Amino acid sequence: MSDAIAHPEQVVLVVDFGAQYAQLIARRVRECNVYSEIISHDLSAAEIMAKRPAALVLSGGPKSVHVEGAPRLDPDIFDLGVPILGICYGAQLIAHQLGGTVGRNDRGEYGRTTLARDGDGGQLLGAMPDEWTVWMSHFDAITAAPEGFVDIATSANSPVAVLEHPERRIYGVQHHPEVKHSEYGQDLLRRFLIDLAGCEPTWTMASVIEESVVAIRHQIGENGRAICGLSGGVDSAVAAALVHKAIGHRLTCVYVDTGLMRQGESDQVVETFRRSQGIELIHVRAAERFFEHLVGVTEPETKRRVIGEQFIRAFERAKGGIADAHFLVQGTLYPDVIESGTESAARIKSHHNVGGLPEDLDFSLVEPLRNLFKDEVRSVGAELGLPDDIVWRQPFPGPGLGVRIVGEVTPETVAILQQADAIVRSEIIDAGLDRDVWQYFAILADIRSVGVMGDERTYARPIIIRAVTSDDAMTADWARLPYDLLEKLSNRIINEVDGVNRVAYDITSKPPGTIEWE
Ligand code: XMP
């Protein structure tokens with residue numbers, strides 16, 4: 001594992017009781033300029049103390065505290081003297097484990113609810129108005145606070161909606177302050193973190209860069225050399241720029257032209273990195289070799305494996321020119337680490353590069369973005385002076401267009417997809433929607449259907465347009481693109497791209513679909 005990641009001195013640990021909540025909370029904590037990490041709920045008090053947290057935030061979760069096997073905290077954690085904020089399930093757990101009562105309600109509380117302060121609102125709610133709207137999602141509710149706790153707010157179906165023990169600095173809220181629909185959510189988190197737990201709001205992108213540069217220099221050493229594979233995406237670009245800042249010309253980037261890139265992408269990558277950023281760059285033209293190995297390959301996981309292997313081999317050949325490079329820079333992000341690292345999570349696709357490298361790979365990994373979320377990576381990129389079209393580039397999968405062609409990947413199918421994809425991209429940018437939509441691209445399906453063009457029967461392939469909104473790619477919703485735009489896309493693709501006679505729009509969210517088709 002890489003050690004080129006900066007670990008700020010002050011960390012808030014977000015205890016995970018249900019993955020989706022924990023990630024969002026961790027991001028909101030960071031938006032208060034306080035560094036946060038997610039930990040599993042089964043860590044002991046001693047293991048938590050070893051991380052010297054400035055505060056703990058207990059996340060929400062899908063279980064009831066009353067069901068068998070519901071996750072609990074090591075009870076000693078409440079006596080560590082570390083300030084604790086419990087959210088939803090986390091708050092119920094505080095009540096349940098410290099002697100209060102969590103009851104079943106007649107009905108739960110889902111969606112927007114009014115929260116009303118009791119009396120002066122205690123420490124946590126000091127500056128809040130008397131009433132405000134919050135977002136709730138629970139069935140059970142705290143009905144009696146544990147001894148020593150005060151109950152400082154209520155809502156229609158939460159008799160104890162906010163509770164606190166000021167001396168022990170333990171707080172609980174039934175609602176979800178991390179969700180944008182909760183008014184004053186960020187204020188409440190800031191109140192807890194900065195005013196009550198005493199965290200310093202010092203974690204900024206400038207500090208991330210500064211600390212990462214030190215960590216990278218430390219890992220690579222005075223004379224070590226590194227190589228970085230540029231995929232054309234924002235993650236590898238920012239990782240490269242960060243490592244370049246740390247070790248300058250001792251970094252060589254390798255751009256493997258797999259033949260599976262988007263239209264015009266190879267030229268743009270070479271231009272940006274070699275000319276604008278002054279980074280040493282080896283441009284490997286490997287398309288032919290990729291296509292040779294992809295002949296007859298249609299099964300998605302096999303395809304990913306073949307592409308992955310060829311990528312590494314192309315890399316190793318390029319490495320011949322810089323034989324003394326022992327470090328490989330990768331743009332692995334925090335959600336990749338969480339998604340790949342949870343033992344219970346089922347393997348959906350072998351995508352993320354974490355752990356996906358062949359065992360005989362002879363490099364030490366440098367992963368400077370391993371602690372960052374995507375939006376933070378973009379901010380780091382902007383701070384490092386990367387151009388907007390790289391920083392705001394939509395995510396692009398490692399295996400490139402290979403996983404957007406259902407069926408065999410050939411120079412012909414890639415050419416069709418590239419043309420259609422270029423149309424989708426340019427129209428969405430022209431419509432001014434590129435920053436609202438998380439990813440937007442075309443897929444080529446391995447089926448044919450009958451059509452008619454200019455009195456002639458056609459029998460050709462369909463292009464499927466995929467456009468999704470998302471915050472982090474863990475979940476996604478299909479983008480409600482305007483009909484006029486869809487019409488334009490359909491017309492242009494069918495008129496301009498040979499071999500396509502039908503356009504469909506994918507209206508599947510994730511889950512149950514994934515963003516990519518393979
Ligand atoms: P799925 O298709 O699983 O994708 O919903 C989630 C996000 O990951 C991207 N993706 C990849 N990224 N290497 C990557 O670095 C890969 O092999 C890969 N496959 C999918 C995908 O574009 C989406 O943003």
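## Exposure and a Salt Bridge

A residue counts as exposed when its relative accessible area is over 50%, as buried when that area is under 20%, and as partly exposed in between. The structure described here is a predicted model. In this model R480 has a relative accessibility of 55% and therefore counts as exposed. D477 has a value of 31%, so it counts as partly exposed. These two residues form a salt bridge, in which the closest N and O atoms are 3.2 Å apart. A network is also present: salt bridges that share partners join E427, K488, R492 and E496.

## Domains of the Chain

The domain assignment divides the chain into domain 1 (11–196), domain 2 (205–391) and domain 3 (404–505). The centres of domain 2 and domain 3, taken over C-alpha atoms, are separated by 27 Å. To the contact between these two domains, domain 2 gives 16 residues and domain 3 gives 16 residues.

## The Interface of Domain 2 and Domain 3

The size of an interface is often given as the accessible area lost when the parts come together. For domain 2 and domain 3, the area buried between them is about 1,300 Å², and 58% of it lies on carbon and sulfur atoms. On the side of domain 2, the residues that lose the most area to domain 3 are R262, Q263 and F291, which together account for 38% of what that side buries.

How many salt bridges does the rule find across the interface of domain 2 and domain 3? It finds one. R435 and D388 form a salt bridge, and their closest N and O atoms are 3.5 Å apart. Six residue pairs are in polar contact between domain 2 and domain 3. On the side of domain 2 that touches domain 3, the elements giving two or more residues are α8 (287–294) and α11 (374–383). The residues of this side comprise six nonpolar, four polar and six charged ones.

## Salt Bridges in the Structure

Side chains of opposite charge can pair when their charged atoms come close. The structure holds 26 salt bridges. One of these joins the side chains of R262 and E265, with an N to O distance of 2.8 Å. Both R262 and E265 are buried. R262 is also one of the residues of domain 2 that lose the most area to domain 3.

A further salt bridge joins the side chains of E309 and R305, with an N to O distance of 3.8 Å. Both residues lie in helix α9 (residues 300–319), where they are four residues apart, about one turn of the helix. Are E309 and R305 buried or partly exposed? E309 has a relative accessible area of 35%, so it is partly exposed. R305 has a relative accessibility of 49% and therefore also counts as partly exposed.

## A Buried Glutamine

Q219 is placed in helix α5 (residues 205–220). Its relative accessible area is 14%, which means that Q219 is buried. A polar atom of the Q219 side chain lies 2.9 Å from the backbone oxygen of L365.

## Backbone Features

Two residues other than glycine are described here for their positive phi values. N33 has a phi near 65 degrees and lies in the loop between α1 (19–31) and β2 (36–40). With a relative accessible area of 29%, N33 is partly exposed. C88 has a phi of about 55 degrees and is placed in the loop between β4 (84–87) and α3 (89–97). Is C88 buried or exposed? C88 is buried, because its relative accessible area is 4%.

Cis peptide bonds occur in the segment after β19 (500–505), where P511 and P512 are found. One cis peptide bond joins K510 and P511, with omega about -20 degrees. Another joins P511 and P512, with omega about 10 degrees.

Key. Residues are numbered from 1 along each chain as its sequence is written. This is a predicted model: local features need pLDDT of at least 70, side-chain atom pairs count only at pLDDT 80 or more; totals for chains, interfaces and linings use all residues. Side-chain values use heavy atoms; hydrogens and water are left out. Domain bounds come from an automatic or database domain assignment. Contact means heavy atoms within 4.5 Å. Buried area is the accessible area (1.4 Å probe) that two parts lose on being put together, summed over both. A salt bridge is a side-chain nitrogen of Lys or Arg within 4 Å of a carboxyl oxygen of Asp or Glu. A polar contact is a pair of N or O atoms within 3.5 Å; within protein, one must be able to donate a hydrogen and the other to accept it, and residues adjacent in sequence count only if both atoms are side-chain atoms. Ala, Val, Leu, Ile, Met, Phe, Trp, Tyr, Cys and Pro count as nonpolar, Asp, Glu, Lys and Arg as charged, and the others, Gly among them, as polar. Buried means under 20% relative accessible area, exposed over 50%, partly exposed in between (1.4 Å probe, protein chains only).
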